[in-house]
Amino acid sequence: MSEFTLSDLENIVAARAKAAPEDSWTAKLVAAGQRKAAKKLGEEAVETVIAAISDDRKNLVDESADLLYHLMVVLNIAAVPLQDVMSELARRTSQSGLQEKANRQNP
Ligand SMILES: N=c1c2ncn([C@@H]3O[C@H](COP(=O)(O)OP(=O)(O)OP(=O)(O)O)[C@@H](O)[C@H]3O)c2ncn1[C@@H]1O[C@H](COP(=O)(O)O)[C@@H](O)[C@H]1O
């Protein structure tokens with residue numbers, strides 16, 4: 001099987017967002033609106049943090065998958081293409097995180 005990417009997930013979310021809410025969790029979340037979708041994203045973030053500090057590798061993988069999926073739904077509702085996020089990450093590769101932090105604190 002070829003590698004599954006975040007871009008593949010973005011396309012699935014965009015397609016399922018147009019399904020009937022009774023047939024699709026994605027469509028149900030999109031119909032509920034950004035507040036509900038963002039709340040789910042926050043819950044999954046907290047569950048990912050708990051898995052990380054519990055030293056539970058399997059749970060960390062599962063919760064990270066939930067987190068990335070719900071992030072894709074939130075980006076879809078906000079009409080923010082994943083490529084915008086990737087471009088921002090690419091832009092940041094020009095300096096280290098420590099350098100960026102130092103520039104922010106001492107402009
Ligand atoms: N990757 C996911 C994915 N990860 C998690 N989830 C769903 O996210 C939901 C959140 O789970 P929780 O247990 O936290 O929430 P809950 O208790 O069910 O919900 P509430 O109490 O908040 O109502 C569950 O229903 C999961 O099935 C996902 N739903 C869909 N996808 C992808 O989206 C595709 C399309 O799915 P549908 O939109 O459902 O057709 C799937 O084939 C997958 O590729």
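Biologist: With 23 C-beta neighbours inside 10 Å, does T26 count as buried or exposed, and which of the two words should I write down?

Modeller: This is a predicted model, and in it the place of T26 is helix α2. A residue is called buried when 20 or more other C-beta atoms lie within 10 Å of its own. T26 has 23 such neighbours, so the word to write down is buried.

Biologist: Leaving out residues up to four places away in sequence, which residues does T26 touch?

Modeller: We can set aside the residues up to four places away in sequence, since they are not counted here, and look at the contacts that remain for T26. G42 is 16 residues from T26 along the chain, and the C-alpha atoms of the two are separated by 16 Å. The residues that T26 touches are V13, R16, A17 and V73.

Biologist: T26 is also one of the residues that surround the ligand, so which element gives the most to that shell, because I would like to place it by the helix definition?

Modeller: Around the ligand we find I12, R16, S24, W25, T26, A27, K40, D66 and Y69. Two or more residues of this shell come from each of α1 (6-16), α2 (25-32) and α4 (57-77). With three residues, the element that gives the most to the shell is α2.

Biologist: How many residues of each class, nonpolar, polar and charged, does the shell around the ligand have?

Modeller: The shell includes W25 and Y69 as well as K40 and D66. In this grouping Trp and Tyr count as nonpolar, whereas Lys and Asp count as charged. Sorted by class, the residues of the shell around the ligand are four nonpolar, two polar and three charged.

Biologist: Which word describes how α1 and α4 are set to each other?

Modeller: The two helices pack with their axes 10 Å apart and at an angle of about 55°, and their crossing is right-handed. Angles under 35 degrees count as roughly parallel, and 65 to 115 as roughly perpendicular. The word for α1 and α4 is therefore oblique.

Biologist: Which residues of α4 meet α1?

Modeller: On the side of α1, the residues that take part are L6, L9, E10, V13 and A14. By class, this contact of α1 with α4 has eight nonpolar, one polar and one charged residues. The partners in α4 are L68, Y69, M72, V73 and N76.

Biologist: Is α3 roughly parallel or roughly antiparallel to α4?

Modeller: Helix α3, which covers residues 34-53, packs with α4 at an angle of about 160°, and the axes of the two are 8 Å apart. An angle over 145 degrees falls in the antiparallel class. The relation of α3 to α4 is therefore roughly antiparallel.

Biologist: What is the handedness of the crossing of α3 and α4?

Modeller: The contact involves, among others, K40, L41 and E44 of α3 together with D66, L67 and H70 of α4. By class, it has 12 nonpolar, five polar and five charged residues. The crossing of α3 and α4 is left-handed.

Biologist: What value is the phi of D55 near?

Modeller: D55 lies in the loop between α3 and α4, and it counts as exposed, with 8 C-beta neighbours inside 10 Å. Most residues other than glycine have a negative phi. D55 is a residue other than glycine with a positive phi, near 55°.

Biologist: Where is A79 found?

Modeller: A79 is another residue other than glycine with a positive phi, near 55°. A residue is exposed if 12 or fewer other C-beta atoms lie within 10 Å of its own, and A79, with 7, is therefore exposed. A79 is found in the loop between α4 and α5 (82-92).

How values were computed: Residues numbered from 1 in each chain as written. Predicted model: local features only at pLDDT ≥ 70, side-chain atom pairs only at ≥ 80, totals over all residues. Near = placed C-beta within 6 Å. Helix = DSSP H or I, 4+ residues; strand = E, 2+ residues; numbered from the N terminus. Axes fitted to C-alpha atoms, helices over the stretch in contact; angles between N-to-C directions. Left-handed = near helix turned anticlockwise from the far one by under 90°. Contact = placed C-beta atoms within 7 Å.
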